[in-house]
Amino acid sequence: MYTLPIRYMGTKRQLAPKIGSIIRDRSTGPFLDVFSGLGTVAGQLANDRAVWLNDVSAFGATVANALYVKNECEHCNFGDKIFYKNYETHCRRLKARFQRIYDLECYLLSEGNLEIIEALQSEMPYYKANNELHDSWLNKYDYNLFSIGYSGTYFSLSQCIQIDSIRYAIDKCIRRCVGCSTCLSQYLTALCVAASKTSNSTGHFAQYLTPNSRNARRVISQWRRDVLSSFEVALAELRGGSPVFKENKVFCAEANELLSNFRALGQSPGAIYADPPYTSDHYSRYYHVFETIIKYDYPNLSGKGRYREGRFSSDFSIKTKAEVALSNLVSNAAALGSTFFLSYPSNGVIPGGIEKCIALVSQVFARTEVFTFDYAHSTMGASKGSSRNTVQENLLIGRL
């Protein structure tokens with residue numbers, strides 16, 4: 001199964017083979033990952049059974065759709081000249097609109113003059129600094145979201161024009177087809193991969209790098225990178241992935257709400273795997289740009305990081321709420337009659353640590369097992385110390 005080249009907080013990429021083997025030996029029937037992220041664990045089981053993936057973010061659900069839902073569309077074709085025709089048309093339109101600053105940026109990036117590039121940032125188009133652009137933002141037209149929302153931050157103006165033009169071309173192509181949810185998801189996931197590879201950041205979108213004498217070479221190098229070519233490579237890799245089952249499903253909901261809905265609908269997966277957030281860091285802070293690429297909804301942006309207004313906050317990341325959230329999750333899984341698998345580190349936010357997690361599972365399920373692995377967690381940029389922390393990762397299993 002194709003693995004997305006995106007750094008993802010809490011990923012189980014290295015542990016996935018071990019976790020997948022344990023799940024395979026102890027359960028049958030459809031496998032549901034209620035916090036699927038990039039779908040790493042599901043990839044270990046996708047050749048054996050139907051996999052159901054859920055993520056509360058549009059980005060996570062889009063990735064799951066791109067990787068695991070069968071694409072039966074015969075109409076969409078990336079090689080179709082209509083994509084490039086629309087891309088080039090919109091590129092010309094946006095370049096003409098921002099001609100002076102676009103030409104100046106191209107010249108300064110080619111020269112690599114740090115002082116002038118720093119001054120250039122204040123001239124970048126931003127919807128909050130210009131009444132005309134603000135009206136355009138509020139009216140949500142022109143496919144210029146990144147050009148007037150993110151220029152000179154994670155991306156150069158030139159890169160923002162490329163992102164907007166790819167997004168425009170995607171929508172134009174998809175409108176020609178019927179029932180193309182997987183095609184659309186592959187296009188959008190490829191654009192997220194391209195944004196990740198070309199962004200001026202430390203590998204996520206908590207904050208962009210401000211040009212200075214220490215990082216100038218890196219910033220200029222990233223701002224010069226071509227978004228379209230990275231998009232093309234990512235899309236080709238996505239479309240060359242492994243075949244998937246028709247029975248696979250994707251959901252976009254809060255985990256406990258999803259399981260409650262399953263009970264109401266009489267749906268019951270054979271295995272439920274949960275890898276909930278375990279730190280006080282909310283995932284939405286790190287992936288808000290991906291969410292905006294997917295939704296393209298002109299959200300209100302705030303802070304230096306240009307965060308989306310109304311970003312999702314998980315109860316699993318709030319110390320005073322995490323225990324209740326996990327208790328409800330365990331109870332909901334048991335009510336469905338499913339075998340329950342919980343990944344949780346020894347240093348999670350739940351008061352009482354892993355012992356409390358074991359107690360919550362044991363209260364509901366008749367039989368429990370615990371597997372423990374040494375694992376290095378990424379701290380997503382070392383904002384709180386070391387870039388990686390070695391911890392004990394635990395896999396708890398509950399069976400009725």
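Okay, before anything else, one term: when I say two residues are in contact, I mean they have heavy atoms within 4.5 Å of each other. And keep in mind that what we're looking at is a predicted model.

Let's start with helix α3, residues 58-68, since contact is what that helix is about. How many of its residues are buried? 11 of 11, so the helix is mostly covered, with buried meaning under 20% relative accessible area. If you want to click through them, they run Ala58, Phe59, Gly60, Ala61, Thr62, Val63, Ala64, Asn65, Ala66, Leu67 and Tyr68. And what do they pack against? Quite a list: the helices α2 (42-45), α10 (181-198), α12 (227-239) and α14, plus the strands β2 (51-54) and β3 (249-251).

Now swing over to α5, residues 99-111. This helix has 13 residues and reaches 18 Å from its first C-alpha to its last, close to the 18 Å expected at 1.5 Å a residue. Its buried residues are Ile101, Tyr102, Glu105, Leu108 and Leu109. Look down the axis of α5 and you'll see those buried residues fall within an arc of 135°, so they line one face of the helix. Here's the general background: an α-helix has 3.6 residues a turn, so residues three or four places apart point the same way. Back on α5, the cover over the buried residues includes α4 (81-97), α6 (114-120), α9 (157-174) and α11 (216-224). Turn the helix around, and the face away from the buried side carries the exposed residues Arg100 and Glu111. Then, just after α5, there's Gly112, which takes a positive phi of about 70°.

While we're on phi, most residues other than glycine have a negative one. So which spots should you look at here? One is Tyr296, which isn't a glycine but has a positive phi of about 45°. You'll find Tyr296 in the loop between α14 and β5 (301-302), and it counts as buried because its relative accessibility is 11%, under the 20% cut-off. Another is Arg306, also not a glycine, with a positive phi of about 55°. Arg306 sits in the loop between β5 and β6 (307-308). Is Arg306 buried or exposed? Buried, because its relative accessibility comes out at 13%.

Next, a quick stop at Gly20, in helix α1, residues 16-26. At 0% relative accessibility, Gly20 counts as buried. Leaving aside residues up to four places away in sequence, Gly20 touches Gln44 and Leu45. Gly43 is 23 residues from Gly20 in sequence, and the two are 8.4 Å apart in space, C-alpha to C-alpha.

Last thing: the pockets. The largest one has a volume of about 810 Å³. There are 47 residues lining that pocket, and the closest to its centre are Asp55, Val56, Ser57, Tyr283 and Phe312. Which elements give two or more residues to the lining? Those are α13 (255-265), α14 (284-295) and α15 (319-335). Of the elements, α14 gives the most, with five residues. You've met α14 already, as one of the elements that the buried residues of α3 pack against. By class, the lining of the largest pocket has 19 nonpolar, 16 polar and 12 charged residues.

That's my tour, thanks for listening.

How values were computed. Residues numbered from 1 in each chain as written. Predicted model: local features only at pLDDT ≥ 70, side-chain atom pairs only at ≥ 80, totals over all residues. Heavy atoms only, no water. 1 Å grid on protein atoms, 1.4 Å probe; cavity = no way out; pocket = protein on both sides within 12 Å on 5 of 7 lines; lining within 4 Å. Points joined across faces, edges and corners; volume = space filled by probe spheres on them. Helix = DSSP H or I, 4+ residues; strand = E, 2+ residues; numbered from the N terminus. Nonpolar A, V, L, I, M, F, W, Y, C, P; charged D, E, K, R; others polar. Expected span 1.5 Å × (residues − 1). Buried < 20%, exposed > 50% of the residue type's maximum accessible area, 1.4 Å probe, protein only. Arc of directions from axis to C-beta.
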